[in-house]
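User: Please take a close look at one part of this structure, the place where the chains meet, and explain it in terms that a first-year student can follow.

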There are 2 protein chains.
Amino acid sequence: MTGRRKIFGWGFEGEGFTPPEEEFALATYARLFGVDGFEERAVPGLGEIRLPAPRVAPPASLAAICSAAPHDRALHSFGKSYPDTVHGMLGDYGIAPDVVAYPHDEADIARVIDWAGGQPATITPFGGGSSVVGGVEPALGTKGAKAAVTLDLSRMDRLVEVDPVSRAGRFEGGIFGPALEAALRPHGLTLRHFPQSFEHSTLGGWIATRSAGHYASLRTHIDDFVESLRVVTPRGALETRRLPGSGAGPSPDRLFIGSEGTLGVISEAWIRLTPRPGFRAGSAVWFPDFFAAARGVRAIIQAGLAPANCRILDPDEARNTGAGDGAAALLVLGFEGWDGPLDDLHARALACAADHGGRPAPDLAPAEKWRTAFIRMPYARERMVPRAIIADTFETAVTWDRFEALHATVTKATLAAIRAATGRPGQITCRFTHVYPDGPAPYFSFHALGRHGALLEQWRAIKEAASEALIASGGTITHHHAVGRDHRPWYDRQRPDLFADAFRAAKAALDPASLFNPGVLLDP
Amino acid sequence: MTGRRKIFGWGFEGEGFTPPEEEFALATYARLFGVDGFEERAVPGLGEIRLPAPRVAPPASLAAICSAAPHDRALHSFGKSYPDTVHGMLGDYGIAPDVVAYPHDEADIARVIDWAGGQPATITPFGGGSSVVGGVEPALGTKGAKAAVTLDLSRMDRLVEVDPVSRAGRFEGGIFGPALEAALRPHGLTLRHFPQSFEHSTLGGWIATRSAGHYASLRTHIDDFVESLRVVTPRGALETRRLPGSGAGPSPDRLFIGSEGTLGVISEAWIRLTPRPGFRAGSAVWFPDFFAAARGVRAIIQAGLAPANCRILDPDEARNTGAGDGAAALLVLGFEGWDGPLDDLHARALACAADHGGRPAPDLAPAEKWRTAFIRMPYARERMVPRAIIADTFETAVTWDRFEALHATVTKATLAAIRAATGRPGQITCRFTHVYPDGPAPYFSFHALGRHGALLEQWRAIKEAASEALIASGGTITHHHAVGRDHRPWYDRQRPDLFADAFRAAKAALDPASLFNPGVLLDP
């Protein structure tokens, strides 16, 4: 696990779907699309990729922390979205950054910003590069930049200090999930923020994109864990005050949480921690259908029970992940705690579920199958895109009163778009990732058989139809994947125009030359 | 309770301290200061107040919703802070607004803004007027305004709609606490946000000032209840999307929550609700001293128990409120829930307390005595200021690692300032209002015997010393009283300068002529 991250696909070099995983996925797709097999295209290796010549070169003083090596430039050309993967398969790396800088500290960041500002070159902050929304691709913007620099934070990966009394830790922004947890282990503390990208994403990236973790309720987003942060902007560094709570004006932290690299780089953060939970209780619970399961989790969350895990899978999603047979919806329910047994809370949640037809499975096997499939899922894309399979996910949150209508509208629009774009039926499935007393966070997966040469257009047609349906139905364009450039048209409609004006003005105050991530969240 | 609100003092006309309450307070103060009695000054009635002539008059089209009557102008001259009350006693109403507008809807607000902008006149949003930080006094600012208009939201007081499925309600911003709860009662729902000002403050005011309510943990601030809001700015109205959660860029809601009337007026909000809790459990718990009690509540909150009530009072504060004899610190502990008995949680919290020397009282009587004193406390000021008694409160939040040092520093600095300013010893007491896993929200009360003719300077010297100590010790200048104008010098030091630049730019985008609340949060 100490290898290099892949240029094409998920994870480290040498990792990937096992042959049985690939067979299971292909068999599932063959059955779904009614085909015997798939035409597989080759994916170019690094030696076959044509990169444009760098348009700028760093000065000698920055040479030690900068690279224009093909591997670095290719690795930082894309995130991990569906279109990113298609571009990778096509060897289409024209977007590559001219220079990748690896700062060791804030002074390095400031020097890179100063140099980039003088070219001018735009700056793309890069953590793990796991964006699935077009958040880390270099772009020149419209302000006359002639080059693109990517700022890779991975050398800023330290646990700086721990406050065991307040249970908080100060980390550099470039620390990856596993390193963060490993650094905390000797202190008997944990963050327990486990987005699906956990191994391949960073604390700073989580904060910049409002990442959501494994807690299904209460502490759903990284927002809830941020005690303070440091940001390096083109106008200098700023640090917010470490506070457990405050009522002093609008929260400075909340301006930078979710700023997606448009205001500067999150260089450090103080994060709230806990001991590892010593008590657990949980179940897999079957429901006759997805809406019944939704009513069950609504009852649980509105009873104030706040489970750590409260995911529901519709029957097709349960089948696709090997957790079920497609006849029933699955609730993966779990409580975690530090102070005592959780059996009473667990029993109460099961009672809420039972009121809506939920029957506990004899063991946790279905939940474990789903969990394994969930963790392995990101490895599928690099094997499916070369077969012209279009599989992607999108997610939202919506108030309970609108949820069933949103589900129906989104399902119908996406299936219609799949048929229109590909000429054959596809599939859409849904689960809940997080739940709130006032609404769920539904997460949709769709599957279609595309055509080589048309994958990007086909994907885009489906994505647009789904996004239109989300916004028209009262959802958010993203609950935790972030906005990036892919979600901009719908984000622009969701966000009040006057807020956009205020945010644009705030950006201009911190990044007057619009160097940082032009086109993300805002037009430059 | 349907009378008019007092111009001088707290609450409705005809309300106030009872003679026994006044006797108890005066006896306590006489003992504390070692005096036999107090020289009481008269407070001018409305007929004796000199108001400056209005500098502008509204046009005929706004006449029906505007008033320049002395009662309206005097009522909107001040909040309820210590210096406000001194000014009231002195009949010093030179600051009075020229016009008070009472809009019925957003169109009225827009028309008032348009008219004010043309004068130009500054605009002060006004909910219940319970600010204790200089947040509602009219000011002309430095942009050439020649008059001041106060926008009183109290006519916009409707429950607009209820969503019983998502458990949320849409209210106009000017609704007062009791009316809000009364409107929800037929729906079987409640907000349960009970700041000390509950009867005399509004939903919009709570949002604008990041009010904190009765929940001691989890949902401490109104921030946590806001699902969406509408704001009328000089550039028009905006509405954020109703969502249970979102990861779409920086939160628009969080720009306006805590904006203290500087960006516009909060005209409506969707708020998260619950049924009335059907289950309760609680205790009064005695500790040998305040720091032991603090360790006890730290253990409770870090165990993840999240009590609804978790207030601690130091021995002097317990004595001053009649809850104790001054020999021990008091924890007021309570759990609330909707789904089942809370005895187990309560027992676990008592076990945490016992680990730090906490012994439960035989009944809840001490907690009830404190609660009564807490609710009646705001009526004291109007009776004590005319006796030259300087009594005020300030509050903060700080991480646990710094709490004991902050407490020592603040206590010492405040007592020294009292002695220096008044020539005799005073008292400072402390309680916790809210607790977080990473730190408490300490709330200080101080008591000094001032001198007629010097009260404002004496108060300011003490306030400055206390505020300096808070900021130097790592606290926030306010956990929930807000910033207003009184906290500006320390807020400016607490807030990152670059955030101030960003916020100033955001304000300029929404309020280009700087009409709204100049000097609050930012210089105009």
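**The contact between the chains**

Analyst: The contact between the two chains is made by 79 residues from chain B and 78 residues from chain A. On the side of chain B that touches chain A, the largest share comes from helix α17 of chain B, residues 497-510, which supplies 10 residues. Sorted by class, this side of chain B consists of 34 nonpolar, 27 polar and 18 charged residues. The model is a predicted one, and two residues are counted here as being in contact if their C-beta atoms, placed from the backbone, lie within 7 Å.

The next point is how the copies are arranged. A turn of 180° with a shift of 0.0 Å along the axis lays chain B on chain A with an RMSD of 0.0 Å. The two copies are therefore related as by a two-fold rotation axis. The interface residues agree in a similar way: 99% of those in chain B are also interface residues in chain A, so the copies meet through the same surface.

A contact within one chain may be described in the same terms. In chain A, the domain assignment gives domain 1 (53-276 + 487-524) and domain 2 (279-377). The C-alpha centres of these two domains of chain A lie 34 Å apart. Seven residues of domain 1 of chain A are in contact with nine residues of domain 2 of chain A. On the domain 1 side of this contact in chain A, four residues are nonpolar, three are polar and none is charged.

Notes
Residues numbered from 1 in each chain as written. Chains lettered and ligands numbered in written order. Predicted model: local features only at pLDDT ≥ 70, side-chain atom pairs only at ≥ 80, totals over all residues. Helix = DSSP H or I, 4+ residues; strand = E, 2+ residues; numbered from the N terminus. Nonpolar A, V, L, I, M, F, W, Y, C, P; charged D, E, K, R; others polar. Least-squares fit on C-alpha atoms with pLDDT ≥ 70 in both. Domains from an automatic or database assignment.
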